[in-house]
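Here is a set of short exercises to work through with the coordinates open beside you. Try each task before reading its solution.

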Amino acid sequence: MLTKNLQNKLGWIELITGCMFAGKTEEFIKRLRRHSYAKRNVVAFKPIIDDRYSIDKISSHSGSQFESYPVKDSLQMVEKIKELTKIKKIDVLGIDEIQFFDEGIVNLVQEYADKGIIVIVNGLDKDFKCEPFKNVDKLLVQAEYVDKLSAICHNCGSNASRTQRIVNGKPAAANEPVILVSGEEQYEARCRHCYIKPK
Ligand SMILES: [Zn+2]
């Protein structure tokens, strides 16, 4: 599917998206690794959502990992890329959890792809209220390659495209904050019919 153009020039955007438990991170790591096997210079970033978790790896639920630089925003990512480019040209840029970055990241991703870098981004398409997540909404339009992965509904076993947020065993209300990294909440993948719209 991913073939070079007639000018033999590399550089494009690949977006991996969908709900939680769809295997997005697994797919993301797999793609980065394929380029590493081919001796391409792969550099990956992820946002620091919570300072307690500023570990330098992207990890999937099933345990596969890929080294990454945790950064607080797109400006810090640019600085790091400048620094790394002085040592070696970057061939492939991976960005995890792109929905948690500031909106400046969308134009940056475009610029890097224009410069010949293969940019592979991973992110949730919508939050638990089923509202589009920032950055992913725009990248759905701008990326050359979009793969929307589905999960299995935790309730009925059908294909799931939505993320249900569960707090204290019940679907969370709409006014609860979107990002809450406390560990006291849970998420479930749900199909259209089992998903309960938060009120
Ligand atoms: Zn279902």
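A residue counts as buried when its relative accessible area is under 20%, as exposed when it is over 50%, and as partly exposed in between. Keep in mind that this is a predicted model.

**Exercise 1. Positive phi outside glycine**

Find where Asn 135 sits in the chain, and decide whether it is buried or exposed.

*Solution.*
Step 1: Start with the backbone. Asn 135 is a residue other than glycine, yet its phi is positive, near 70 degrees.
Step 2: Place it in the chain. Asn 135 belongs to the loop between strand 7 and helix 4 (136–142).
Step 3: Apply the cut-off. The relative accessible area of Asn 135 is 1%, so the residue is buried.

**Exercise 2. A second positive phi**

Describe the surroundings of Phe 21, starting from its place in the chain.

*Solution.*
Step 1: Phe 21 lies in the loop between strand 1 (12–18) and helix 1 (24–37).
Step 2: Phe 21 is not a glycine either, and its phi is positive at about 65 degrees.
Step 3: Check the accessibility. With a relative accessible area of 35%, Phe 21 is partly exposed.
Step 4: List the contacts, setting aside neighbours within four places in sequence. Phe 21 touches His 61, Ala 151, His 154, Tyr 187, Glu 188 and Ala 189.
Step 5: Add one distance. Phe 21 and Ser 60 are 39 residues apart along the chain, and their C-alpha atoms are separated by 9.7 Å.

**Exercise 3. The zinc site**

Which residues are the protein donors of the zinc ion, and what geometry does the site have?

*Solution.*
Step 1: Collect the donor atoms. They are the SG atoms of Cys 153, Cys 156, Cys 191 and Cys 194, at 2.3 to 2.4 Å from the zinc ion.
Step 2: Compare the angles with the criterion. Four donors count as tetrahedral if all angles lie between 85 and 135 degrees. Here the angles among the four donor atoms are 101 to 119 degrees, and the site is tetrahedral. As a reference, the ideal angle for four tetrahedral donors is 109.5 degrees.
Step 3: Read the spacing along the chain, which is C-x2-C-x34-C-x2-C.
Step 4: See what one pair of donors joins. Cys 156, in the loop between strand 9 (151–152) and strand 10 (159–160), and Cys 194, in the segment after strand 13 (185–190), link distant parts of the chain, 38 residues apart.
Step 5: Compare their accessibility. Cys 156 is partly exposed at 46%, whereas Cys 194 is buried at 14%.

**Exercise 4. Counting disulfides**

How many disulfides does the model have, and why is Cys 19 not bonded to Cys 153?

*Solution.*
Step 1: Recall the chemistry. A disulfide is a covalent bond between the sulfur atoms of two cysteines.
Step 2: Use the distance cut-off, which requires the two sulfur atoms to be within 2.5 Å. The count comes to zero disulfides.
Step 3: Look at Cys 19. The closest cysteine sulfur is that of Cys 153, and because it is 9.6 Å away, it is too far for a bond.
Step 4: Note the burial of this pair. Cys 19 is buried at 1%, and Cys 153 is buried at 4%.

**Exercise 5. Reading the sheet**

Give the strand order of the open sheet, then say which strands stand at its edges.

*Solution.*
Step 1: The sheet has six strands in the order 5-2-6-7-1-8, with parallel pairing.
Step 2: Strand 5 (69–71) and strand 8 (145–149) each have a single partner strand, so they stand at the edges with one side left without a neighbour in the sheet.
Step 3: The twist from one strand to the next averages 20 degrees.
Step 4: Check the pairings. Strand 1 and strand 8 are joined by five bridges, and one partner pair is Ile 16 with Asp 147. Four bridges join strand 2 to strand 6, where Val 42 stands opposite Val 92. Strand 6 and strand 7 are also joined by four bridges, with Ile 95 and Val 121 as bridge partners.
Step 5: Examine strand 6. Both its faces are covered, with Val 92 and Gly 94 buried on one side and Leu 93 and Ile 95 buried on the other.

Definitions and conventions: Residues numbered from 1 in each chain as written. Predicted model: local features only at pLDDT ≥ 70, side-chain atom pairs only at ≥ 80, totals over all residues. Heavy atoms only, no water. Donors = N, O, S within 2.8 Å, 3.2 Å for Na, K, Ca; no water. Tetrahedral: all angles 85-135°; square planar, octahedral: opposite > 155°, others 65-115°. Helix = DSSP H or I, 4+ residues; strand = E, 2+ residues; numbered from the N terminus. Buried < 20%, exposed > 50% of the residue type's maximum accessible area, 1.4 Å probe, protein only. Contact = heavy atoms within 4.5 Å. Pairing = 2+ DSSP bridges. Axes fitted to C-alpha atoms, helices over the stretch in contact; angles between N-to-C directions.
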